[in-house]
Amino acid sequence: MSTFDFLKVRRLYIDYDNLDQELLNEVIREEPSFQWCISCGCCTATCSAGNHTTFNIRRISLILRRGEIEGLEEELKKCMLCGKCTLVCPRDIQLRNVVMNIKKIVLKKKTA
Amino acid sequence: MIREPNFQYPFLIGTIFLFAYLIVRIILWYIELSKYDKLRFIHFWKTKSVWAALKDAIADGLLHSSIFKKNLLLGYMHMSLAFGWFLLIVIGHLEVMVDRRSLNFPFYYAVFYRYYQPHPDFAGARVFGALMDLLLLIILSGVALAILKRIKKQIFGMKRTTKLKPFDKIALTSLWLIFPLRLLAESLSAAYYHNGSFMSNTLGAWFIQNVRVSAIYDLSWWLYSCSIGFFFIALPFSRYMHIPTEIVFIFLRHAGIMPKKYWNSYAQIQMYSCSRCGICLDACQLYEAGVSNVQSVYFLQYIRNNENVDKSLFGCLICGRCQEACPVHINLNDLRTALRIKASKPLTFSYGYTQMALQQKTDIIYFAGCMTHLTPPIKFSMARIFNFLGEKVWYMDEDKSICCGGPLMLAGQYDSASQLIQKNTELIMASGAKTLILSCPICYKAFREDYVLPGISIKFHAVYLNDMIRQGRLPKINLGFKTIYHDPCALGRGSKIYDEPRYVIDSYSQRMRLKKEKAEALCCGAGLGGINLPIETKNKVTFEAMTYFARFKPNVLITACPLCKKTFARDRRIPVIDIAELTARAIDEYVNEQKKSVREARLIES
Amino acid sequence: MKKIAVIGGGIAGLEVSRLLLQEGLPVTLIEKGSRLGGNLRNYAHLFPDFTPSDEILGNYRFLPSNSDLQLLMNTQIESIDFSTQPYTLHSKDGIAIPADPLIIATGYQVFDAKLKEEFGYGIYDGVITSVELEKMIKQHHIVTPYGKIPRRIAFIHCVGSRDAKVGNSYCSRLCCITAIKQAIETKKLLPETEIFCFYIDLRMYGLTFEELYLNAQKEYNIQFVRGRLSETSEMIDKRLIIKAEDTLIGRPLQMKADMLVLMVGMEASDFSKQFAYHNGLEIGDHGFFQPLNQFNARSKSQKEGIFFAGTSIGPMSVAETIEHARAAALSAISYLKDKEY
C-alpha cells in the first residue's frame, strides 16, 4: 500500500454545500460521542492496526464528517477493535462503537 | 355416592394439552442437538451423573436452594409454591391409592378427591386429611408472599422486581387463583360432609352458617378445575414454561452439554429456563446507572418475543455478575455472545496487512497485550520481576503488536478474531516456548479458551507470581499498606481465578475483605463488551464502584487488569496499581533491605 | 481585634492583604507552609516579557513588617464555625481565628504527571515536568535527569488538561504560552538543541502572546507539531521514543528525543477540595471553588462574608491573579462598609 495514500484526493475541494450527510447523521445518532472529536490524533498514534498499515482512524472519522464515504467500510476492515483508541481519547469518544456502526450502516444501505 | 360431574374437563383438557406440547417440544429440542450432544445425552443415563442431576432438579427445581441463599423469605416463597404443590400432588395420589387399595383410578381423581369421596373412613384418613390441609396452607402462604412481593419487594431482599407482559399477568393470576379456589371448593365439601381437616372443616362450618352452600358448591369445583386448566394452557406461552424447561436444562447440563458459540436448541432451552425471578436485576450495575433494558431477564424476554434486541445486545458489559447470581445457572454470557456473533456476522474484518514480529527462540513468552502498552508500569514491573528471577523472556508484542482477538470476540467477531489467533499462534509455536505469561485478563481468557497451543502452559501473571512466591523464588515482605483487591471480570468470573492474586497480595500487604468480592466483585465499568454503552453510563458504574471501595479507606486499590487500572485511575480517590507493580515494589524493598543488612554486617565486622 | 482573615500566602493572598492594609484594615494572613509566595516561587521568569518572578514577589517584601498584619505561618485551617458572629476559623493546632470577612486564596496545584502513566513520568528518567524545567532555567543549567545535555527536547502540551481520562476536561489556559516561554528560554541556554512543541490547539489568548509565538518560530526555530502524545517508550541509552500523530499531515509520527517536558496543567489543590468538602463550600464541576457568578461576582462566594481570590476559582496567570485579588479586596471592603450602615 502506498505511503502517499492521503494524496489521492477524490474531489478537488470539499463541497460543503452538497455533503452526503445521511451516513454521518446516522452514525451520530447511534454514537453521539462521534461529534466530540478535537482531532488530537492520539487514537491514530496508538492504533494497533496503524502500527502495521496506513490505517488512520482519525482521518476516516474526519473524512466521514466531510461527507466522503466511498471506500470507508473497506478501510475499516483493518480495525482490530482492540480499544486502545478509546483508552487514550481525551474526549472519551467510543471509537469501537463508531467503527461497528459505520460498518453496520453502510452494509444496511448496500443490502437495502 | 359419586355423582357424575363434568367439571373435570377443563382440567383434563389443560393437562393433556400441556403434556402433548411438552413432549413435542422436548423431542424437537433433542432433534436439534448436535450429533455429539445426542451421544453425550444417551450415554449420560448410564452414568452416576443422573443422580447428581436428580439431586439438582430437586434442590433447584423444587426446593429452590440457590434462592434460599439469597434471601430466606424469597426462598420460602418459591419453595412453598413449587415443593408444596409437588407434595400436594404426590400425597394426594397416595391418599387415593390407600383409600381405594388400588392403583387403578383416573389420574384426575386425586385432584378432586374431596368431591368424589365425601366419607373417607379408611385407616389413616385423618392423617392424610391433616397433611393435605397443611400442604395447602403452606402453598397459600407462598401465594400470599408472592402477592406481597409485588407490593413490597424490599422484604425479599430485592430492590427491583420484573415488569410483566399481559400474557404473564393472565398466567400469574390463574396460578394465584388455583389454591384459594381449591380451599374454597374443599371447604364447601367439608361444609356438607365434614370430610376435610383442621382448615377446611373449620372454614366449612363457617360457610354452612353464613352462605347458601348449595348455590355455589358445584360452581366452586368448576372454577377450581378451570383455573388449573387455564394455567396449564397458558403455561407454554408464559414465564411458567421455565418450570418444565428448567428440569430439562438441569439434565442436559449434567449430561455435559456445553454452550456453543452459536444459537442452538440448548441455548433455546436455557432461554426458556429463565423463571424471571429478577435476581439478575439487582446484580446488574447498569441498573444503578440508569439502564433498564439490557438486564438478562429482559433481554431473554425480548428474544422470546422476537423483539429487536440490537441495542440491549451490545449494551451489556458482559461482566458476568448476572450469570453468577442466576439461581438457574443459565450461561447468560454465552447466550449473549452467541447472539452477538449472529448479529455481527455481516461485518467482516481482514488483517492480511499485519507484519510479523521478529521471531525468537525462548522458554518464556510475555505477551503484554494492547492495553498494557498504555500502562507501562505493569510492563516494567514484569521486567523487574523476570530480571529478579533471572528468567530470559521474549517480550513478544513489544514491537508490531497484534491484538489477541479477545476484544473482537466480545463484539461477536469470532471469524475475524481467528485471523489474529492464527498469526499469534504461528509466532508462539515457532518460538519453542513452554510458558506463555499474560498480564491482561482479556488476553488470558482469549488465549485459554480460543487458542490451541499444545505443550505450552498459559499462565496469568498473578498465578505465575503466586507460584514463584510459593516456590520461595520471590520474597515475602510486608510493605505496610492497607489494600483492597478488585477482581477483574475476565479473570474472576471469566476464568475463575480468585485465590492466587489474593495470596500474592497477602504476601505483601494487609488486604481488607470486602462483601462484594470474588464472584460478586464489581465491574470497573469499562468492560470491552459494553460496545454501545454511552460513556456517561460507564462513568457512573466506575464512580459507584470506586465509592464502594473508598468506604474501606484503603491506601491502595490493587487490580490485575490494565483496563480496570486505567478506568479506576480517572476517579482519583484511591491510588490504583497492578498486582505486578505491588510485587516489583516488594522486590525493590527486599533488595534494599538485603543491601542494608550486608552493610550493617560489614560495619560489625570492621 | 483583627477581623479580616485571608487563607493562603501566595500572591493572591498577599495582594489582598496589601490592599486591605493600605485601606487601614487589619488582616490575619494564614499560610499552611513556612514561606510566603506560593507557587510563584517555582517560576524563574514570567510570560510574556520574561519578568523575573522575584520582582513580583519583591512587591510584598515589606508586608510582614506591617503592624496591622497578623501573620500565622505553618497554620493549616481545618474548619469554619458558621454559628459564631464573626465566623471562627479553627486550625489543626487548635488556634481559633475570627474571620469577618474571610478571603479564600488557597491557590492551585499542578497536575500529578504520574497519573498519565503512558507518558512515562516517574518511569523513564528523561521525562520531566514543566515545573522541574523551570527550576533548571532558574539555575541556568538544563540537563537531563540522567546527566546529559539534551540535544532534542519535546514539549508536550495539555498534560492533565483537556483530558477526560484524568477527570480534568477543562483547558488550563496558561500552559501553551508557558511552553513557548520555556522553549525560548531553553533555546537561549542551549542554542544547539532542537525543540518541538506537541500541541492540540495553541491558545495564545493574551495581547502579546501571539508575538511570542511568532518570535519562537522566527528567532528560535522552535518547531510546532499538531498532535497529542499517545505514549512514550525508552531506548537502552535512555533516549525516549515519542508516538503521536502529525495530524496536519495525517500520518503517525515517531520521534527520538533526549528529554520530554510535560506541560502540567493547574488543578484545584487537594487542600481546597478537602476544605470545601468539610465546610460545605460550593465546588464547581472542575474541582475549583464556585463563585456566585462568572461575570460580576467572580470573587464572591455563595455564602455571605466569604470571598475568593486568585486561582482558587480556576486557572489564572500572575497578572490575572493580582487583578482578581484586588477585586476580592474591593468586594471585602464594600461588604464591611455595607455592614457598618
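In chain B of this predicted model, residues 24 or more positions apart account for 74% of the contacts with a separation of 6 or more. Chain A gives a figure of 71% for residues at least 24 apart, among its contacts between residues at least 6 apart in sequence. The points below take chain B and chain A as wholes, then the contacts that chain B makes with chain A and with chain C, and then some single residues and one helix.

**Chain B as a whole**

- Chain B contains 27 helices and eight strands.
- Its C-alpha trace spans about 110 × 60 × 50 Å along the principal axes.
- Chain B has 606 residues, and 58% of them count as buried.
- The surface that chain B exposes is about 26,200 Å², with 61% supplied by carbon and sulfur atoms.
- There are 73 positive and 45 negative side chains in chain B, and the centres of these two sets are 2 Å apart.

**Chain A as a whole**

- Chain A has six helices and zero strands, so its order of elements from the N terminus reads α-α-α-α-α-α. The radius of gyration of chain A is 14 Å, close to the 13 Å that the globule rule gives for 112 residues, so chain A is as compact as a globular protein of that length.
- The C-alpha trace of chain A measures about 35 × 30 × 30 Å along its principal axes.
- Of the 112 residues in chain A, 60% are buried.
- Chain A has an accessible surface of about 5,000 Å², and carbon and sulfur atoms hold 54% of that surface.
- Chain A carries 18 positive and 14 negative charges, whose mean positions lie 5 Å apart.

**Where chain B meets chain A**

- The size of an interface is often given as the accessible area lost when the parts come together.
- Between chain B and chain A, the buried area is about 2,900 Å², and carbon and sulfur atoms give 60% of it. L347(B), F349(B) and Y353(B) supply 22% of the area that chain B buries against chain A, more than any other three residues.
- The contact involves 37 residues of chain B and 28 residues of chain A.

**Where chain B meets chain C**

- Chain B and chain C bury about 1,100 Å² between them, and 48% of this lies on carbon and sulfur atoms. On the chain B side, F380(B), R570(B) and R572(B) supply 51% of the area buried against chain C, more than any other three residues.
- Ten residues of chain B and 15 residues of chain C take part in this contact.

**A residue in a helix of chain B**

- T537(B) is part of helix α25, which covers residues 535–550 of chain B.
- T537(B) has a relative accessible area of 8%, and a residue counts as buried under 20%, so T537(B) is buried.
- Leaving out residues up to four places away in sequence, T537(B) touches L286(B), A289(B) and V291(B).

**A helix in chain C**

- Helix α3 of chain C covers residues 130–138, and its buried residues are S130(C), V131(C), L133(C), E134(C), M136(C) and I137(C).
- An α-helix has 3.6 residues a turn, so residues three or four places apart point the same way.
- The buried residues of α3(C) pack against several elements of chain C, including β3 (45–46), β12 (152–159), α4 (175–189) and β18 (259–264).
- After α3(C) comes H140(C), which has a positive phi, near 55°.

**Two loop residues in chain C**

- S65(C) is in the loop between α2 (53–58) and β5 (69–72) of chain C.
- The relative accessible area of S65(C) is 61%, and exposed means over 50%, so S65(C) is exposed.
- From C-alpha to C-alpha, S65(C) and K238(C) are 50 Å apart in space, and they are 173 residues apart in sequence.
- F50(C) sits in the loop between β3 and β4 (51–52) of chain C.
- F50(C) is partly exposed, with a relative accessible area of 22%.
- Apart from neighbours within four places in sequence, F50(C) is in contact with H45(C), K181(C), I184(C), E185(C) and L212(C).
- F50(C) and I283(C) are 233 residues apart along the chain, and their C-alpha atoms are separated by 34 Å.

Terms used: Residues numbered from 1 in each chain as written. Chains lettered and ligands numbered in written order. Predicted model: local features only at pLDDT ≥ 70, side-chain atom pairs only at ≥ 80, totals over all residues. Heavy atoms only, no water. Helix = DSSP H or I, 4+ residues; strand = E, 2+ residues; numbered from the N terminus. Rg over C-alpha atoms; globule rule 2.2 N^0.38 Å. Buried < 20%, exposed > 50% of the residue type's maximum accessible area, 1.4 Å probe, protein only. Contact = heavy atoms within 4.5 Å. Areas by Shrake-Rupley, 256 points an atom, 1.4 Å probe, with all protein chains shown as cover. Lys, Arg positive; Asp, Glu negative; His and termini not counted. Charge placed at Lys NZ, Arg CZ, Asp CG, Glu CD. Buried area = accessible area lost by both parts, 1.4 Å probe.
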